[in-house]
Amino acid sequence: MELTLSPPAEIARTLCARLRTERLAQGMTQAEVAARAGVAVNTVSNLEAGRSTAFENVVRVAIVLGRREELAALFQPRLESLHDIARYEGSAKRQRVRRKAGDA
């Protein structure tokens, strides 16, 4: 499923379903994933059901399922030009984003 034009709730549902499918494809129970990830079985169940849980738990479960590379690529900068590189390097030095005129 293409997620580009999907609303956030639909993306979350799709990713939760993929998580469950991946776990089952690897022949793992929720309890096994939870034990290897260092989280409660309830946490894995919540992730698969789309209920709120800490982002760190998502990371832990993804690593257990062998998806570390996808996590590493998640927020990589898009550096398609010299301008992008310069902008990215400049933003790495700043700790806060300045407010734009009219923002309160």
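**Close-up views around helix α3**

**View 1. Helix α3 and its packing partners.** Helices α1, α2 and α4 are the elements against which the buried residues of α3 pack. The model shown here is a predicted one. The buried residues of α3 are Thr43, Val44, Asn46, Leu47 and Glu48. Directly after α3 comes Gly50, which has a positive phi near 80°.

**View 2. The whole chain, for orientation.** The protein has 6 helices and 0 strands. Following the sequence from start to end gives the pattern α-α-α-α-α-α. Of the 104 residues in the protein, 21% are buried. Contacts between residues at least 6 apart in sequence can be sorted by their separation along the chain, and 34% of them join residues at least 24 apart.

**View 3. Helix α1 and its buried residues.** Helix α1 covers residues 8-25, which is 18 residues. From the first C-alpha of α1 to the last, the helix reaches 25 Å, close to the 26 Å expected at 1.5 Å a residue. Which residues of α1 are buried? They are Thr14, Cys16, Leu19 and Arg23. These buried residues of α1 pack against α2, α3 and α4, the last of which spans residues 55-64. Just beyond the end of α1, Gly27 takes a positive phi of about 65°.

**View 4. Where α2 meets α3.** Helix α2 is made of residues 30-37 and helix α3 of residues 41-49. The two helices pack with their axes 8 Å apart, at an angle of about 115°. Angles of 65 to 115 degrees count as roughly perpendicular, so α2 is roughly perpendicular to α3. The crossing of α2 past α3 is right-handed. On the α2 side, the contact is made by Gln30, Ala31, Val33 and Ala34. On the α3 side, Val41, Val44, Ser45 and Glu48 take part. Sorted by class, the residues in the contact of α2 with α3 are 5 nonpolar, 2 polar and 1 charged.

**View 5. Where α3 meets α4.** Helices α3 and α4 pack at an angle of about 95°, and their axes lie 11 Å apart. This angle makes α3 roughly perpendicular to α4. Which residues of α3 and α4 make the contact? Thr43, Val44 and Leu47 come from α3, while Asn57, Val58 and Val61 come from α4. By class, the contact of α3 with α4 contains 4 nonpolar and 2 polar residues, and no charged residues.

**View 6. Glu48, a residue of helix α3.** Glu48 is located in helix α3. Is Glu48 buried or exposed? Glu48 has a relative accessibility of 11%, and therefore counts as buried, because buried means under 20% relative accessible area. Leaving out residues up to four places away in sequence, Glu48 touches Cys16, Leu19, Arg20, Arg23 and Gln30. Among these partners, Cys16, Leu19 and Arg23 are buried residues of α1. Gln30 belongs to α2 and, like Glu48, has a part in the contact of α2 with α3.

**View 7. Ala49, a residue of helix α3.** Ala49 is another residue found in helix α3. The relative accessible area of Ala49 is 45%, so the residue is partly exposed. That class lies in between buried, which means under 20%, and exposed, which means over 50%. How far apart are the C-alpha atoms of Ala49 and Ala17? They are separated by 8.0 Å, although the two residues are 32 residues apart along the chain.

**View 8. Gly38, in the loop between α2 and α3.** Gly38 is found in the loop that lies between α2 and α3. With a relative accessible area of 57%, Gly38 is exposed, because exposed means over 50%. The C-alpha atom of Gly38 is separated by 8.8 Å from that of Val61. Along the chain, Gly38 and Val61 are 23 residues apart. Val61 is also one of the α4 residues in the contact between α3 and α4.

Definitions and conventions
Residues numbered from 1 in each chain as written. Predicted model: local features only at pLDDT ≥ 70, side-chain atom pairs only at ≥ 80, totals over all residues. Heavy atoms only, no water. Axes fitted to C-alpha atoms, helices over the stretch in contact; angles between N-to-C directions. Helix = DSSP H or I, 4+ residues; strand = E, 2+ residues; numbered from the N terminus. Parallel < 35°, antiparallel > 145°, perpendicular 65-115°, else oblique. Left-handed = near helix turned anticlockwise from the far one by under 90°. Contact = heavy atoms within 4.5 Å. Nonpolar A, V, L, I, M, F, W, Y, C, P; charged D, E, K, R; others polar. Expected span 1.5 Å × (residues − 1). Buried < 20%, exposed > 50% of the residue type's maximum accessible area, 1.4 Å probe, protein only.
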